[in-house]
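Q: I'm new to this one and don't want the grand tour. Could you pick a single part and walk me through it closely, without rushing?

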Amino acid sequence: PATSLQDIIAHAKEYGFVFPSSEIYDGLQAVYDYGQNGVELKNNLKTLWWKAMTQLNDNVVGIDAAIFMHPLTWKASGHVDSFNDPMIDNKDSKKRYRADQLLEGKAEQYEKAGDEARGQALRNELGRLQGAEDMEGLRNLIISEGIVCPISGTANWTEVRQFNLMFSTQVGSVAEDASLIYLRPETAQGIFVNFLNVQKTGRMKIPFGIAQIGKAFRNEIVARQFTFRMREFEQMEMQFFVRPGTEMDWYERWRDTRLNFHKAVGLPAEKLKFHIHEKLAHYANAAVDIEYEFPFGFREIEGIHSRTDFDLKSHQELSRKKMQYFDPEINQNYIPYVVETSVGADRLFLAVFCNAYTEEVVGEGDTQKTRTYLKLHPALAPVKAAVFPLVRKDGLPEKAQQIVKQLRSEFRVIYEERDAIGKRYTRQDLIGTPFCIAVDYQTLEDDTVTIRYRDTTEQVRVPISELKQRIGHDVSM
Ligand code: ATP
């Protein structure tokens, strides 16, 4: 049977990857905590992204900007005025929905029922109304399409209202407008406002990029699908500054580079696709999403956008500080154009986790059973190797612990002696440990151990002296 999102959520919780936030108080909607294994997997993904950006390119450097920024930042970026979702409430159930998502759901229904044309027509109309910010039109469309609330079953809808997704709070102790600040809804603006700081102090020459990993916050109206849509999440963004006129070249290059990254972390090509935006944000001249096929369908994990000089130009206007770069090659001053790549760490985590989750039927007849394991790339696995003494006596535990000590400066390695050895293998399978190393009586005689490979369950005998090299080979990327 196909893996459901419920299987994924249950596994993530049971094996210490993701817990609901403040679970003892019944949780907080759309907020999650990473557990002891989840944090390792997520850190591994972040480290790989950081390395792919700042180490494998000559011309990309990193920063770490604050979550709080001057409120004018969000005026300049357009978030104060237009970072809105259209929402609608059902008067009977008192449930709130995103008007656009209700209509997209309907379009999907048409398409699933084979009526592609009707689905497409509905999507086009939705795009037109959204573009025109026609809230009344959206409501009328919901009603004329006969969309009802799944809870109450009625079409007793309120007006459609624009709802700003930014969280705000106060700085200082006086509750007045001047002290209102926002939790950043994207990390990108921390890069734009620091563009000249980095360019000057780093003596950077265009084209160059600035990368950042950090928390972002959005008051999502419809928050579901686990870590796919969270109210507090983490972004990995890179802004690449280029000479105007060269942006399409870079856009295409980054689009391909980023797709390759997702393949390199183990996502299969057939579960990835580009979704080119036809309806562009006012500041963009090209945009594409990389989508992954989650158990709930193909959805965006990363966006690659050619943002022109929109952000730098509006910061220049509002701050009255020059955001220009002098290009010595053409002897000209200009505001650079920007190509950005923006991926959610939590969405990437979810994609990798869904992809790794494997159920296999093994054995035959009465002994047939389902083997569940996480087929993670060894570079991503929370634990690289687990070392087991066959029995808890005769010096085997001491020998196993010696091996752990030898390996742990290079890899995350754990020692495990509880339960029968078969059970220990199973426990490691469930968290995706690629190698289990067993110490037995022969080890005491000839310094060899068995390595058991997670994906094949094959066991091979190797000298202890080769362990570092063998594991090292597989966990590198
Ligand atoms: P969506 O349309 O799914 O809301 P978006 O187009 O608003 O996403 P961007 O603003 O382009 O997303 O953000 C870039 C990336 O940040 C997305 O590709 C996604 O991986 C991640 N992201 C955005 N919103 C969330 C969220 N609420 N929870 C988790 N990740 C998110």
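A: **A sheet, strand by strand**

Let's start in the middle of things: strands S9 and S10 run antiparallel and are joined by 10 bridges. Across that seam, Ile210 stands opposite Gln239 in S10. Two strands count as paired if DSSP finds at least two bridges between them. The strands themselves (E, at least two residues) and the helices (H or I, at least four) are DSSP runs, numbered from the N terminus.

A word on what you're looking at. This is a predicted model, where local features need pLDDT of at least 70 and side-chain atom pairs count only at pLDDT 80 or more, while totals for chains, interfaces and linings use all residues. Residue numbers start from 1 along each chain as its sequence is written.

Back to S9, which covers residues 208-217 and is mostly covered, with 7 of its 10 residues buried. (Buried means 20 or more other C-beta atoms within 10 Å of the residue's own, exposed means 12 or fewer, and partly exposed lies in between; C-beta atoms are placed from the backbone.) S9 also has S3 as a partner, this time parallel, through 3 bridges. There, Val61 has Ile210 as its bridge partner. That's the Ile210 that stands opposite Gln239 in S10.

What order do the strands of the whole open sheet follow? There are 7 strands, running S3-S9-S10-S16-S13-S12-S11, and the pairing is mixed. At the edges you'll find S3 (60-62) and S11 (272-276), each pairing on one side only. Neighbouring strands are turned by 25 degrees against each other on average, direction ignored. For angles like this, axes are lines fitted to C-alpha atoms (for helices, over the stretch in contact), and angles run from 0 to 180 degrees between N-to-C directions.

Now slide along to S12 (residues 286-294) and S13 (residues 297-308), an antiparallel couple held by 9 bridges. Here Asp289 has Gly303 of S13 as its bridge partner.

Keep an eye on Gly303, since that's where the ligand comes in. Which residues come nearest to the ligand? Of the 16 around it, they are Phe233, Gly303, Ser342, Gly344 and Arg347. (A residue is near a molecule if its C-beta atom, placed from the backbone, lies within 6 Å of it; for a strand the rule is the same.)

Several elements share the job of lining the ligand: S10 (232-242), S13, S16 (337-344) and helix H12 (345-356) each supply at least two residues of the shell. S13 gives the largest share, 4 residues. By type, the shell divides into 8 charged, 4 polar and 4 nonpolar residues. Ala, Val, Leu, Ile, Met, Phe, Trp, Tyr, Cys and Pro count as nonpolar, Asp, Glu, Lys and Arg as charged, and the others, Gly among them, as polar.

To put the covered S9 in context, have a look at S21 (residues 435-439). Why is S21 called largely enclosed by the rest of the structure? Because 5 of its 5 residues are buried. Phe435, Ile437 and Val439 point one way, while Cys436 and Ala438 point the other. S21 runs parallel to S19 (residues 385-389) over 5 bridges, and antiparallel to S22 (residues 448-453) over 4.
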